[in-house]
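Here's a quick walk through a two-chain model, starting with the overall build and ending with a few backbone oddities. Keep the viewer open as you read.

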Amino acid sequence: MAARVDNLYFFLLGLTVFFSLLIAGLIVAYAIKFRRRSPDAIGAVIHGGLMLEITWSVIPLMITMVLFVWGASVFFAMSRPPAETLNVYVVGKQWMWKFQHLDGQREINELHVPVGRPVKLIMTSEDVIHDVFVPAFRVKADVLPGRYTNIWFEPTKPGTYHLFCAEYCGTRHSGMTGQVVVMEPNDYQNWLSGGAGEGSLAAAGQKLFSDLACNTCHRPDAQGRGPVLQNLFGKTVELASGERVVADEAYIRESILNPHAKITVGFQPIMPTFQGLVTEEQLLELIEYVKTLKQDTTNAQ
Amino acid sequence: MPSRTALLPPRHYLNDGYGIKSWLLTRDHKRIALLYLAGVTFFFFVGGAFAVLIRLELATPAGDLVSDETYNKLFTMHGVMMVFFFLIPAIPAVLGNFLIPIMIGAKDLAFPKLNLASWYIYMIGAAFTLWAVVQGGLDTGWTFYTPFSTIASTTNVIPAALGIFVTGFSSILTGLNFIVTIHRMRAPGLTWFRLPLFIWSHYATALIMVLGTPVLAITIVLVAADRLFRFGIFDPAVGGDPVLFQHLFWFYSHPAVYIMVLPAMGVVSELVAAFCRKQVFGYTFVAFASLGIAILGFLVWGHHMFVAGQSVYAAMIFSILSFLVAIPSAVKVFNWTATMYKGSISWDTPMLYAIGFIGLFTIGGLTGLFLASVGLDVHVTDTYFIVAHFHYIMVGGTIMGYLGGLHYWWPKISGRLYNERLARISAVIIFLGFNLTFFPQFVLGYLGMPRRYHAYPPEFQVLNVLSSAGASILGVGYLIPMLYLMWSLRYGKVAGSNPWGAVGLEWNTTSPPPTQNFLETPIVTWDAYQYPTTVEGHVA
């Protein structure tokens with residue numbers, strides 16, 4: 001991906017150099033060649049030329065349309081993560097980055113990932129807008145409060161890379177930096193087994209699910225007062241309003257914090273809000289737990 | 001050519017009444033232009049002083065000269081001062097105000113009292129914002145992004161925003177005044193396609209001012225409502241949307257880029273024509289390019305938000321529209337260049353600025369293509385690449401155009417000539433200082449240095465030192481014209497009505513012009529920039 005971005009960059013650089021030198025060269029050449037030789041001299045009478053106008057409108061138009069398609073295709077590739085990714089949840093706050101790995105490891109301002117595997121960051125903010133920027137991977141995305149945004153990258157070389165907050169977020173914005181540590185798969189496995197101890201993210205979510213008594217209504221057997229959550233993630237849900245929504249991270253988050261916003265068809269709006277009762281990180285644990293519920297039922301069948 | 005025995009005309013707008021009251025209550029567009037000149041010059045040097053401190057801090061990677069809090073306030077106030085109180089009013093309110101009525105053969109703008117009111121509104125807005133600065137400043141960035149500006153910042157957001165809100169009305173009224181004046185007050189025979197391109201570009205600018213600025217006003221009101229009364233419009237915790245702010249803000253602030261650069265393009269068209277003594281190549285194309293830019297400029301705001309969680313398809317639309325807006329800009333550059341072909345090109349100071357403008361605007365425009373290419377924008381947005389790009393447009397473009405125009409019309413404004421030699425030297429200093437300041441920033445951005453950083457990793461230091469060194473040269477370059485222009489007011493040679501041997505109605509009246517601009521209303525029977533085969537007829 002970095003190579004695709006750079007190819008476009010260097011093509012544009014060449015284009016910029018070419019046109020800048022063309023214009024600058026012509027200006028300087030004309031300024032010398034046609035410099036005023038007597039105080040009363042005036043320029044030639046030339047009004048314009050339709051062919052020239054068409055030429056220098058159409059050529060830039062064609063160049064820019066090529067650039068548009070090229071830039072768009074790179075962006076499409078950036079926006080579509082592969083089906084199988086190593087997911088890491090990211091919470092930004094003034095002024096630090098918190099990373100939660102699925103296996104339960106938590107890191108601050110440092111992100112360990114293995115080489116050669118696509119990594120997807122699912123990101124949100126606790127306060128203002130931040131932005132994850134890893135220049136070496138040519139990726140950047142705003143991290144927004146109340147929403148989830150994603151980026152993905154596939155590290156190709158072990159090493160340590162800068163991680164910056166690229167959206168101004170207040171006093172210590174320039175201190176909201178960290179590093180991405182890309183490791184050989186073996187080293188990464190060692191690192192994984194060395195950390196944690198608290199159990200996986202989904203396990204933390206499961207504990208929370210029962211601590212908050214979510215499981216009294218959201219039962220796997222369709223006898224509860226709330227919708228069954230097994231197999232929910234990624235499916236299309238039909239709402240009481242007749243609309244259909246895809247059950248993604250944002251939908252689950254909204255259903256926890258603002259349950260009446262989207263009521264599943266056939267259910268009563270009786271769920272209380274959990275706004276203020278769960279943190280952004282706990283929300284991510286719950287989401288990860290709901291995601292794994294999908295697999296549980298498949299196994300049971 | 002300056003006449004050897006030239007004397008100032010016995011009666012002109014500068015000696016038509018003396019004393020502070022004759023200025024503060026004037027309805028003469030020329031005097032109001034000078035009131036604006038005082039205002040924008042003050043803010044240019046205040047904003048410049050903040051820039052000097054920013055570049056000093058960034059000379060070393062550690063955040064050692066000022067605290068992070070102070071640094072954030074410095075770049076915020078630099079942006080606010082320069083954008084809202086210098087760049088937006090500079091060319092329209094000073095040069096436009098002075099020249100539009102003269103160029104179209106009118107006695108004044110359509111609404112002289114409203115024009116004076118615009119200046120007072122500008123000054124009241126400026127006073128609020130200065131008060132915010134004196135109270136300790138603000139740290140939101142000139143972009144006021146929510147929810148930082150509404151729930152997190154503890155600085156003087158309200159007074160600063162109020163200042164911008166108030167100043168916006170001066171912009172709207174100026175735009176309104178220009179539109180009515182250009183429609184209704186042209187001299188007999190001065191048809192639309194005989195108008196100087198300066199008028200066309202100001203007409204396009206005025207349309208943006210009138211249509212865009214109200215959106216900024218309502219956006220500021222919403223920010224204030226959120227901040228003071230917790231309306232929550234931009235606060236996700238209560239169902240608001242922080243990204244909505246960015247849509248509203250850029251719906252004004254992208255067109256505002258064209259408020260800043262279109263008038264400079266108008267100036268450059270005049271300069272190229274005058275110093276090549278030649279008609280602008282493709283006059284109609286240049287004229288319509290201004291309108292094209294003004295219209296398309298309203299449709300590209302989303303390119304500021306490619307990484308802000310916008311949908312992929314919205315990004316596609318904004319990307320292609322952004323590429324389209326490059327076309328009329330490119331057309332202008334090609335036409336200016338073609339105008340020079342077979343011209344009678346003088347190397348007087350204003351032409352040096354015009355050449356500087358064309359070169360730097362070309363680089364600024366071409367680097368805009370990097371940012372319109374969505375896949376590449378992701379990497380370079382919010383880095384120093386952006387900072388470099390918009391300074392090439394705003395400083396390399398607008399300020400070059402402004403200084404070129406100021407030098408070109410200075411003999412008309414003041415009646416006197418400045419020191420040409422010193423002026424050429426400082427134009428070259430400014431050009432070199434500018435490039436040394438901002439070119440390294442393109443490289444810094446590509447290497448990944450984020451903008452608005454008070455401290456940075458040490459590997460970026462060399463390029464930052466180059467940039468800071470350039471800034472010190474640039475700063476000196478800007479001080480020199482300030483000095484010799486002031487000096488010329490008293491000691492400069494008397495210019496005569498047409499020192500450049502240029503055509504255009506402004507050169508058909510005395511320097512300085514009489515209060516009513518022309519002793520008798522001119523009747524126009526010629527096209528813009530129509531040079532006769534012998535130039536004598538146009539030297540007064």
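What percentage of the 301 residues of chain A count as buried? The figure is 35%. Bear in mind that this is a predicted model, and that every value below is computed from it.

**The two chains**

Chain A mixes its secondary structure, with 6 helices and 12 strands. Chain B goes another way: 15 helices and 0 strands. Here's how the basic numbers line up for each chain.

| Chain | Residues buried | C-alpha extent along principal axes | Contacts (separation of 6 or more) made by residues 24 or more positions apart |
|---|---|---|---|
| Chain A | 35% of 301 residues | about 95 × 50 × 40 Å | 64% |
| Chain B | 62% of 540 residues | roughly 70 × 45 × 45 Å | 85% |

The radius of gyration is worth a look too. For chain A, a compact globule of 301 residues would come out near 19 Å, but the chain has 27 Å. Chain B, on the other hand, agrees with the globule rule: 540 residues would give a value near 24 Å, and the chain has 23 Å.

**Where the chains meet**

The contact between the chains draws on 70 residues from chain A and 74 residues from chain B. On the chain A side, helix 1, helix 2 (50-79), strand 6 (130-134), strand 7 (139-143) and strand 9 (159-165) each put in at least two residues. Helix 2 of chain A has the largest share of that side, with 17 residues. Sorted by class, the chain A side that touches chain B holds 42 nonpolar, 16 polar and 12 charged residues.

Now zoom in on one helix pair across the contact. Helix 1 (residues 2-33) of chain A packs with helix 10 (residues 312-340) of chain B at an angle of about 20°, with the axes 9 Å apart. Because that angle is under 35 degrees, helix 1 of chain A counts as roughly parallel to helix 10 of chain B. Their crossing is left-handed. From helix 1 of chain A come Ile23(A), Leu26(A), Ile27(A), Tyr30(A) and Ala31(A), and they meet Val333(B), Thr337(B) and Met340(B) in helix 10 of chain B. This patch has 7 nonpolar residues, 1 polar and no charged ones.

Carry on along chain A to Phe34(A), which sits in the loop between helix 1 and helix 2 of chain A. Which residues is Phe34(A) in contact with, leaving aside its neighbours within four places in sequence? They are Met340(B), Lys342(B), Gly343(B), Ser344(B) and Ile345(B). Met340(B) also turns up among the helix 10 residues that meet helix 1 of chain A. Phe34(A) itself is partly exposed, with 19 other C-beta atoms within 10 Å; a residue needs 20 or more to be called buried.

**A helix pair inside chain B**

For a pair within one chain, try helix 13 (residues 384-414) and helix 14 (residues 420-447) of chain B. Their axes come within 7 Å and cross at roughly 165°. That makes helix 13 of chain B roughly antiparallel to helix 14 of chain B, since angles over 145 degrees fall in that class. The crossing of these two helices is left-handed. Among the helix 13 residues in this contact are Tyr384(B), Phe385(B), His391(B) and His407(B), while the helix 14 residues include Phe434(B), Phe438(B), Gln441(B) and Tyr446(B). The contact as a whole divides into 13 nonpolar, 5 polar and no charged residues.

**Backbone oddities**

Two cis peptide bonds are worth finding. One runs from Gln94(A) to Trp95(A), with omega near -5°, and Trp95(A) is in the loop between strand 1 (86-93) and strand 2 (96-101) of chain A. Another links Thr146(B) to Pro147(B), with omega near 0°; Pro147(B) belongs to the loop between helix 4 (112-134) and helix 5 (148-152) of chain B.

Then look at two arginines with positive phi. Arg277(B) has phi near 45° and lies in the loop between helix 8 (242-276) and helix 9 (283-296) of chain B. Is Arg277(B) buried or exposed? It is buried, with 24 other C-beta atoms within 10 Å. Arg452(B) has a phi of about 60° and lies in the loop between helix 14 and helix 15 (461-491) of chain B. With 22 C-beta neighbours inside 10 Å, Arg452(B) also counts as buried.

Key: Residues are numbered from 1 along each chain as its sequence is written. Chains are lettered from A and ligands numbered from 1 in the order in which they are written. This is a predicted model: local features need pLDDT of at least 70, side-chain atom pairs count only at pLDDT 80 or more; totals for chains, interfaces and linings use all residues. Axes are lines fitted to C-alpha atoms, for helices over the stretch in contact, and angles run from 0 to 180 degrees between N-to-C directions. Helices (H or I, at least four residues) and strands (E, at least two) are DSSP runs, numbered from the N terminus. Angles under 35 degrees count as roughly parallel, over 145 as roughly antiparallel, 65 to 115 as roughly perpendicular and the rest as oblique. A crossing is left-handed if the near helix is turned anticlockwise from the far one by less than a right angle, and right-handed if clockwise. Two residues are in contact if their C-beta atoms, placed from the backbone, lie within 7 Å. Ala, Val, Leu, Ile, Met, Phe, Trp, Tyr, Cys and Pro count as nonpolar, Asp, Glu, Lys and Arg as charged, and the others, Gly among them, as polar. The radius of gyration is taken over C-alpha atoms; the globule rule is 2.2 Å times the number of residues to the power 0.38. A residue is buried if 20 or more other C-beta atoms lie within 10 Å of its own, exposed if 12 or fewer, and partly exposed in between; C-beta atoms are placed from the backbone.
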